[in-house]
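Work through the exercises below with the sequence and the model open. Try each task before reading its solution.

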Amino acid sequence: MDDSARVDAIARYRILGAPAEPNLEGLARLAATLCAVPTAVVNIIDDTRQHQVAAVGVAAEICRREDSMCAVVLQDARHVLVGDARTDARFAQNPFVTGELGRIRFYASSPLVTPDGVSIGTLCVFAEDAGTLTPEQSAALDLLARQAVEVLELRRATLELARSNRQLAQFAGRVSHDLRNPLAAIVGQLDLAAEGLDAGALAQASRAIGRADAAATRMDEMITGLLSYARLGGEQPALTEIPVAGLIAEVIADLHTVIGSTDATVEVDAADGTVVGDRALLRMLVQNLVSNAVKFSAGTAPGAVRPLVQIRARRDVDRPVWSLTVDDNGPGIPAELRDRVFELMERGNAGAVPGLGIGLATCRMIVEAHGGRILVESAPAGGARVRVDLPLRAASAARPLPAALLEQGPRSAIRG
């Protein structure tokens with residue numbers, strides 16, 4: 001199991017460093033009682049440490065991953081029963097057995113496996129005397145471990161609902177404000193047009209009608225973006241094999257007018273292979289990323305620097321993901337704003353660039369629907385890089401994402 005996938009799965013629960021979760025403590029207490037031992041712990045194990053997020057019989061602590069007994073069996077993700085750890089080669093030299101950190105003899109654990117199949121820790125019971133469990137007790141420990149994951153999933157859903165409610169309140173206020181501006185412009189310009197027609201000033205009326213039409217177009221774009229975002233809330237990816245280079249080429253063709261109007265250069269370095277995903281959603285994702293990069297670099301590139309957008313897509317050689325990056329040569333996005341720009345109605349430091357702040361929020365929703373992640377980094381040219389990573393394996397039991405392969409492909413440049 002890739003450590004990055006485990007770290008990402010743990011982060012979604014926001015359990016590390018948080019106040020103790022009473023339901024997890026209750027499950028640990030029940031595990032200790034059913035297994036007739038003094039100590040039970042719910043462990044979450046990331047890439048460097050073991051975190052005891054609930055404990056009975058000991059004070060909850062954090063230790064190095066290399067010292068953890070549970071980390072030894074984490075990859076197997078199955079029930080483990082050890083009568084005397086001194087006689088088990090996996091644990092005999094462990095500091096919790098030798099006396100350096102503890103004198104554990106009896107040890108049993110059941111894995112905490114998320115619905116996506118990621119093993120993130122264990123529910124373990126132990127004692128300083130040798131012992132064993134009956135088959136019924138082992139089954140009960142497995143059941144309680146699954147219940148611990150259910151508690152974590154409920155926690156994640158509750159936190160997400162609270163975040164969505166806060167976002168909805170902000171959304172309503174911002175939409176009300178932002179839609180009033182073009183509406184007021186339309187009304188004002190139509191009034192001017194009417195006055196010009198009454199006075200016989202056709203040039204004044206024509207200019208006013210043109211401005212009213214532009215304001216109406218802006219409002220239409222806002223409403224279209226809002227509806228697209230809202231509809232994505234219940235979207236289920238329809239998985240098909242999609243040629244990556246072909247998808248990007250289609251998006252570039254659709255954006256030809258936008259690219260040409262900004263005199264931007266768009267460079268594409270894309271693989272010839274295929275990715276598995278929802279074609280409509282992934283096309284929307286790429287279009288949002290590219291149009292946003294073109295708009296941002298054109299609106300904020302310093303001096304006489306020609307806007308440049310660089311697109312790269314291929315399988316990552318070090319991780320089980322395929323990766324898409326979109327770079328621009330604008331001023332970049334400060335590190336403290338890189339998470340915020342994915343929130344609905346949040347536009348970071350892009351105040352000089354027109355838009356409602358929906359595009360990147362939509363992108364995040366699409367990426368998460370495919371079990372991936374999206375983040376902002378610094379581009380090599382000094383601007384902003386948006387990176388999308390999509391997993392090669394199944395994203396979840398409910399919405400599996402089959403393996404996606406990217407091979408080396410040709411490089412091309414498209415100039416507007």
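**Exercise 1. Get an overview of the chain.**
Task: Find what share of the contacts between residues at least 6 apart in sequence join residues at least 24 apart. Then describe the fold elements, burial and surface.

Solution.
- Step 1. Among contacts between residues at least 6 apart in sequence, 66% join residues at least 24 apart.
- Step 2. Keep in mind that this is a predicted model.
- Step 3. List the elements: the protein chain has 10 helices and 14 strands.
- Step 4. Check burial. The chain has 416 residues, and 46% of them count as buried.
- Step 5. Turn to the surface. The chain exposes about 20,100 Å². Carbon and sulfur atoms supply 54% of that area.

**Exercise 2. Place the buried residues of a helix.**
Task: Identify which residues of helix H7 are buried. Then decide how they are arranged around the axis of H7.

Solution.
- Step 1. Helix H7 covers residues 244-254. Its buried residues are Val244, Leu247, Ile248, Val251 and Ile252.
- Step 2. Look down the axis. These residues cover an arc of only 135 degrees, so they lie on the same side of H7.

**Exercise 3. Trace a salt-bridge network.**
Task: State how many salt bridges the structure holds. Then follow those made by Arg373 with Asp8 and with Asp389.

Solution.
- Step 1. The structure holds 19 salt bridges.
- Step 2. Start at Arg373 and Asp8. Their closest N and O atoms are 3.9 Å apart. The cut-off is 4 Å, so the pair counts.
- Step 3. Locate both ends. Arg373 sits in strand S12 (residues 373-378) and Asp8 in helix H1 (residues 3-13), so this bridge ties together parts that are 365 residues apart in sequence.
- Step 4. Check exposure. Arg373 is partly exposed, at 31% relative accessible area. Asp8 is also partly exposed, at 29%.
- Step 5. Go to the salt bridge between Arg373 and Asp389. Here the closest N and O atoms are 3.7 Å apart.
- Step 6. Asp389 belongs to strand S13 (residues 384-391), and Arg373 to strand S12; the two residues are 16 apart.
- Step 7. Asp389 counts as buried, with 3% relative accessibility.
- Step 8. Assemble the network. Salt bridges with shared partners join Asp8, Arg373, Glu377, Arg387 and Asp389.

**Exercise 4. Classify the two ends of a salt bridge.**
Task: Take the salt bridge between Asp67 and Arg64. Is Asp67 buried or exposed?

Solution.
- Step 1. The N to O distance between the side chains of Asp67 and Arg64 is 3.0 Å.
- Step 2. Asp67 has 13% relative accessibility and counts as buried.
- Step 3. Arg64 is partly exposed, with a relative accessible area of 48%.

**Exercise 5. Describe an aromatic pair.**
Task: What is the geometry of the pair formed by Phe91 and Tyr107? Where do the two residues lie?

Solution.
- Step 1. The count of aromatic pairs comes to 1.
- Step 2. The ring centres of Phe91 and Tyr107 are 5.3 Å apart, with 50 degrees between the planes. The pair is tilted.
- Step 3. Phe91 lies in the loop between strand S4 (80-82) and helix H4 (95-98), while Tyr107 is in strand S5 (residues 106-113). The pair therefore ties together parts that are 16 residues apart in sequence.
- Step 4. Phe91 is buried, at 0% relative accessible area. Tyr107 counts as buried too, at 1%.

Technical notes. Residues are numbered from 1 along each chain as its sequence is written. This is a predicted model: local features need pLDDT of at least 70, side-chain atom pairs count only at pLDDT 80 or more; totals for chains, interfaces and linings use all residues. Side-chain values use heavy atoms; hydrogens and water are left out. Buried means under 20% relative accessible area, exposed over 50%, partly exposed in between (1.4 Å probe, protein chains only). Helices (H or I, at least four residues) and strands (E, at least two) are DSSP runs, numbered from the N terminus. The arc is that of the directions from the helix axis to the C-beta atoms. Contact means heavy atoms within 4.5 Å. Accessible areas come from the Shrake-Rupley method with a 1.4 Å probe; for residues, only the protein chains shown count as cover. Rings of Phe, Tyr and Trp (its six-membered ring) pair if their centres lie within 6.5 Å; planes under 30 degrees apart count as stacked, over 60 as edge-to-face and the rest as tilted.
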